[in-house]
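Some words used for a protein model rest on a cut-off, and it helps to see the value and the cut-off side by side. Please look through the structure below with that in mind.

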Amino acid sequence: MQAIMPMTIAWRVCAAALAAAAIISAAPYRAPAQDIAANYPNRAIRIIVGFTAGGGNDLLARLVGQKLSEAWGQPVVIENKPGAGAIIGTEYVKNQPADGYTLLMGASGAMTVNPAVYSKLPYDTQRDFAPISMVAAFPFVLLVNPSMPVKSVSDLVAYAKANPAKANYGSSSPAFQLTGELFKQRTGAPLEHIPYKGSNETLTAVISGQVLLSIVDAAPAAGQIAAGQVRALAVTSGKRSPQFPDVPTLIEAGVPDVDVAFWSGLFAPAGTPPAIVKKLQDEVRRIVKLPEIQERMRQLAVEPVGNTSDEFAKAIAADIARWTTVAKASGIKIEP
């Protein structure tokens with residue numbers, strides 16, 4: 001004879017089943033990763049640049065944005081939000097929805113140098129952003145006035161040690177200053193830092209003899225180097241620059257453990273679906289391999305990169321660790 005379930009137990013079982021059904025029906029539908037990627041993008045994408053229009057970061061954003069638009073048939077709008085060393089634009093992207101429709105063309109100064117030198121920032125590069133791909137990298141160039149009696153890095157270091165009253169260097173941002181301080185730490189040259197507002201002012205200071213040397217980005221210095229107004233003694237990267245094939249690296253010039261290349265790369269807010277990050281990563285990597293894009297980048301004195309998101313994240317972590325060490329050793333700290 002079949003047992004009959006007591007009424008109270010039956011009601012409890014029924015109530016539990018109804019509650020479970022309610023939870024399941026209320027849970028949001030999570031589309032498979034392939035569906036998320038397949039449906040992205042279906043509207044305009046914005047790429048935020050933390051600098052004014054016309055600069056290197058802006059030009060790279062426009063190159064990538066145009067090709068993304070051509071590939072996906074959606075508008076890609078470049079928005080410039082300059083100010084505070086790109087802090088304003090970077091913070092803005094951090095606070096946007098993590099849906100892949102607002103991206104950041106981030107420069108290494110904002111993403112790896114700022115965390116090393118600012119006592120407080122409104123963002124954390126590694127926590128608040130998903131790195132997509134490093135778009136391009138570029139070395140700095142160590143310059144002196146051609147009238148100075150130095151024709152090599154070893155000559156420069158010897159001259160600075162013999163003439164400490166004349167030993168100074170100009171820079172226009174924390175990125176250049178930290179590179180100068182790294183040079184000091186590796187060589188023992190007694191160099192005093194002289195701040196300037198921009199790379200053009202720093203170049204003028206070298207040409208006029210106001211400073212012994214400067215370390216600047218290659219693009220604004222190329223014309224003066226070609227005209228013989230300044231002498232390039234070394235590049236900071238681990239390999240020679242195609243733009244200056246006759247200029248040795250600092251390592252080749254005898255300065256140990258200096259392999260410095262700054263970069264621009266694409267980021268999304270943290271929490272962006274991995275499938276979207278992967279789709280963006282793959283497309284950026286395809287774009288930077290296009291012959292016309294590589295040629296245009298070389299005209300801008302930058303080297304195309306196009307690495308993976310994981311590779312980019314590792315490079316960011318290494319840069320932050322290095323610049324934090326240099327900043328602490330030099331006593332550099334900026335209060336907001």
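The questions and answers that follow concern a predicted model, and they take up salt bridges, burial and helix packing in turn.

Q: Why is the pair Lys 67 and Glu 70 called a salt bridge?
A: The closest N and O atoms of Lys 67 and Glu 70 are 3.4 Å apart, and a salt bridge asks for a side-chain nitrogen of Lys or Arg within 4 Å of a carboxyl oxygen of Asp or Glu, so the pair meets the definition. Both residues lie in helix H3, which covers residues 56-72, and they are three residues apart, about one turn of the helix. A search of the whole structure finds 13 salt bridges.

Q: Why is Lys 67 called buried or exposed, whichever applies?
A: Lys 67 has a relative accessible area of 14%, and buried means under 20%, so Lys 67 is classed as buried.

Q: What makes Glu 292 and Lys 67 a salt bridge, and which parts does the pair tie together?
A: The closest N and O atoms of Glu 292 and Lys 67 are 3.1 Å apart, and because the cut-off is 4 Å, this pair also counts as a salt bridge. Glu 292 lies in helix H12, residues 291-299, whereas Lys 67 lies in helix H3, so the salt bridge ties together parts that are 225 residues apart in sequence. Glu 292 has a relative accessibility of 43%, and because this falls between the limits of 20% and 50%, the residue is called partly exposed.

Q: How do you know that Asp 282 and Lys 278 form a salt bridge?
A: Their closest N and O atoms are 2.6 Å apart, and as the definition asks for a distance within 4 Å, the pair therefore qualifies. Asp 282 and Lys 278 both belong to helix H11, residues 274-288, where they are four residues apart, about one turn of the helix. With relative accessible areas of 34% for Asp 282 and 45% for Lys 278, each residue is partly exposed, because each value lies between 20% and 50%. Elsewhere, Arg 46, Glu 79 and Lys 81 are joined into one network by salt bridges that share partners.

Q: Why are H3 and H12 called roughly antiparallel?
A: The two helices pack at an angle of about 170°, with their axes 11 Å apart, and because angles over 145 degrees count as roughly antiparallel, H3 and H12 are described in that way. The contact is made by Leu 60, Leu 63 and Lys 67 of H3 together with Glu 292, Ile 293, Arg 296 and Met 297 of H12. By class, the residues of this contact divide into four nonpolar, no polar and three charged.

Q: What makes H3 roughly perpendicular to H11?
A: The axes of H3 and H11 come within 10 Å and cross at roughly 110°, and since the range for roughly perpendicular runs from 65 to 115 degrees, the pair is given that description. The contact involves Val 64, Lys 67, Leu 68, Ala 71 and Trp 72 of H3, and residues of H11 including Lys 279, Leu 280 and Glu 283. In this contact there are seven nonpolar, no polar and four charged residues. H3 passes H11 in a right-handed crossing.

Q: How do you know whether Thr 249 and Ser 241 are buried or exposed?
A: Thr 249 has a relative accessibility of 2% and Ser 241 a relative accessible area of 9%, and because buried means under 20%, both residues are called buried. Thr 249 is placed in the loop between strand S8 (231-235) and strand S9 (261-269), and Ser 241 lies in the loop between S8 and S9 as well. Leaving aside neighbours within four places in sequence, Thr 249 is in contact with residues including Ala 234, Val 235 and Arg 240, while Ser 241 is in contact with Pro 139 and Val 235.

Q: Why is Pro 273 called partly exposed?
A: Pro 273 has a relative accessibility of 21%, and because buried means under 20% and exposed means over 50%, this value falls in between. The residue is in the loop between S9 and H11. Pro 273 and Ala 37 are 236 residues apart in sequence, with their C-alpha atoms 8.8 Å apart in space. Apart from neighbours within four places in sequence, Pro 273 is in contact with Ile 36 and Ala 98.

Terms used. Residues are numbered from 1 along each chain as its sequence is written. This is a predicted model: local features need pLDDT of at least 70, side-chain atom pairs count only at pLDDT 80 or more; totals for chains, interfaces and linings use all residues. Side-chain values use heavy atoms; hydrogens and water are left out. Buried means under 20% relative accessible area, exposed over 50%, partly exposed in between (1.4 Å probe, protein chains only). Contact means heavy atoms within 4.5 Å. Axes are lines fitted to C-alpha atoms, for helices over the stretch in contact, and angles run from 0 to 180 degrees between N-to-C directions. Angles under 35 degrees count as roughly parallel, over 145 as roughly antiparallel, 65 to 115 as roughly perpendicular and the rest as oblique. Ala, Val, Leu, Ile, Met, Phe, Trp, Tyr, Cys and Pro count as nonpolar, Asp, Glu, Lys and Arg as charged, and the others, Gly among them, as polar. A crossing is left-handed if the near helix is turned anticlockwise from the far one by less than a right angle, and right-handed if clockwise.
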